[in-house]
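New to this one? Take a moment to look it over, and then we'll walk through a few spots worth finding.

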Amino acid sequence: MKKFLVINGPNINMLGIREPNLYGKENYQSLISMIRKWGKENNIEIECYQSNHEGDIVDKIQEAYGKIDGIVINPAAYTHTSVAILDALKAVKIPAVEVHITDINKRDEFRKVSYAGQACFAHVIGEGLNGYIKALELLKQQNEIK
């Protein structure tokens, strides 16, 4: 059975509370339930992880080496600042898809730069929570090609 890891960075656990006009009214648990349901329907084991701490995210990526077949990552605020997360993704060489709930290209100028995205083979931007499902589908397709 394939194993995917979904990583969420800072403040994603505050979905439904944080700027609902941008991120929607669904909470974090709704997102996790949607992801797990997709995993069951597709016979893929999915681990979900969220942290507000950069080093913890780096550790989680490193721990995935040799154990995980694909990563969906929403580095959130670390998207625009973390070379450490980029380097971790490059080091493990696990196929990864970057996902963002909002369209980062239509927001603040500083949000248009994605370090982590440079290590990802695909990007799903601005499709709300459904973007996670699209990202998982892309990972599934990538794993079928292997």
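What follows is a short tour of the salt bridges and of two asparagines in the loops.

## Before we start

Keep in mind that this is a predicted model. The tour begins with the charged pairs: the structure holds 3 salt bridges. Let's take them one at a time.

## A pair within helix 2

Start with glutamate 41 and lysine 37, which form a salt bridge whose closest N and O atoms sit 3.6 Å apart. Both belong to helix 2 (residues 28-41), and because they are 4 residues apart there, about one helical turn separates them.

Are these two buried or exposed? Glutamate 41 has a relative accessibility of 54%, so it counts as exposed. Lysine 37 comes in at 53%, and that makes it exposed as well.

## A pair linking helix 3 and strand 2

Next up is lysine 60, which forms a salt bridge with glutamate 47; here the closest N and O atoms are 2.5 Å apart. This pair ties together distant parts of the chain: lysine 60 sits in helix 3 (residues 54-63) and glutamate 47 in strand 2 (residues 45-50), 13 residues apart.

How do the two partners fare for accessibility? Lysine 60 has just 14% relative accessibility, and since buried means under 20%, it counts as buried. Glutamate 47, at 34%, counts as partly exposed.

## The pair at 127 and 134

The remaining bridge to visit joins lysine 134 to glutamate 127, with 3.2 Å between the closest N and O atoms. Lysine 134 counts as partly exposed, with a relative accessibility of 40%. Glutamate 127 is partly exposed too, at 37%.

## Two asparagines with positive phi

Now for the backbone. Which residue has a positive phi of about 70° although it is not a glycine? That's asparagine 11. You'll find asparagine 11 in the loop between strand 1 (3-8) and helix 1 (20-23). Its relative accessibility is 37%, so asparagine 11 counts as partly exposed.

Asparagine 43 is another non-glycine residue with a positive phi, this time about 55°. Look for asparagine 43 in the loop between helix 2 and strand 2. With 52% relative accessibility, asparagine 43 counts as exposed. That loop runs between two elements you have already met: helix 2 holds glutamate 41 and lysine 37, while strand 2 holds glutamate 47.

Methods
Residues numbered from 1 in each chain as written. Predicted model: local features only at pLDDT ≥ 70, side-chain atom pairs only at ≥ 80, totals over all residues. Heavy atoms only, no water. Salt bridge = Lys/Arg side-chain N within 4 Å of Asp/Glu carboxyl O. Buried < 20%, exposed > 50% of the residue type's maximum accessible area, 1.4 Å probe, protein only.
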